[in-house]
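User: I've got a model open and I'd like to know what stands behind the labels people put on it. Can you take me through them?

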Amino acid sequence: KEGLLVLEAVDPKIHASFAPAEATKAYLLSEMGQPQEAIEAYHRAISLTVEKPLSQYLQAKSAALLAS
């Protein structure tokens with residue numbers, strides 16, 4: 001939970017345009033048992049990602065949450 005608080009303390013303009021921050025947020029939300037919020041954060045990270053392998057990885061993580 002502390003990690004999520006740290007991420008949320010980052011300037012929202014920077015956070016909203018930085019895929020690694022959204023991917024980290026998704027992971028933390030998933031670990032906290034908030035799958036729907038995590039999926040939304042994964043989708044935001046995917047939309048900010050230009051690297052295909054990373055996008056595929058994030059899509060797989062999101063799909064795994066949907067399947068669980």
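User: What makes the secondary structure of this protein come to 5 helices and 0 strands?

Analyst: Helices are DSSP runs of H or I with at least four residues, strands are E runs of at least two, and both are numbered from the N terminus. By that rule the protein has 5 helices and 0 strands, so the order from the N terminus reads α-α-α-α-α. Keep in mind that this is a predicted model, where local features need pLDDT of at least 70, side-chain atom pairs count only at pLDDT 80 or more, and totals for chains, interfaces and linings use all residues. Residues are numbered from 1 along each chain as its sequence is written, and side-chain values use heavy atoms, with hydrogens and water left out.

User: How do you know whether the radius of gyration agrees with a compact globule?

Analyst: The radius is taken over C-alpha atoms, and the globule rule is 2.2 Å times the number of residues to the power 0.38. For 68 residues that gives a value near 11 Å, and the protein has 11 Å, so the two agree. Along the principal axes, the C-alpha trace spans about 30 × 30 × 15 Å.

User: Why is S62 called buried or exposed?

Analyst: Buried means under 20% relative accessible area, exposed means over 50%, and partly exposed is in between (1.4 Å probe, protein chains only). S62 has 3%, so S62 is buried. This residue lies in helix α5, residues 52–67. Across the whole protein, buried residues make up 31% of the 68 residues.

User: And E31, buried or exposed?

Analyst: E31 comes out at 57% relative accessibility, so the label is exposed. You'll find E31 in helix α3, residues 19–31. From E31 to L66 it's 35 residues in sequence and 14 Å in space, C-alpha to C-alpha.

User: Why does Y57 count as partly exposed?

Analyst: Y57 sits at 48% relative accessibility, so it lands in the partly exposed class. Y57 belongs to helix α5, and its C-alpha is 17 Å from that of S68, 11 residues away in sequence.

User: What makes the link between the side chains of S62 and H43 a polar contact?

Analyst: A polar contact is a pair of N or O atoms within 3.5 Å; within protein, one must be able to donate a hydrogen and the other to accept it, and residues adjacent in sequence count only if both atoms are side-chain atoms. The S62–H43 pair is at 3.1 Å, so it makes the cut.

User: Which residues does S62 touch?

Analyst: Contact means heavy atoms within 4.5 Å. Leaving out residues up to four places away in sequence, S62 touches I39, Y42 and H43.

User: How do you know that L58 is buried, and what does L58 touch?

Analyst: The relative accessible area of L58 is 3%, so buried is the right word. L58 is in helix α5. Not counting residues up to four places away in sequence, L58 touches A23, Y42, A45, I46 and T49. One of these, I46, is 12 residues from L58 along the chain, with 6.4 Å between the C-alpha atoms.
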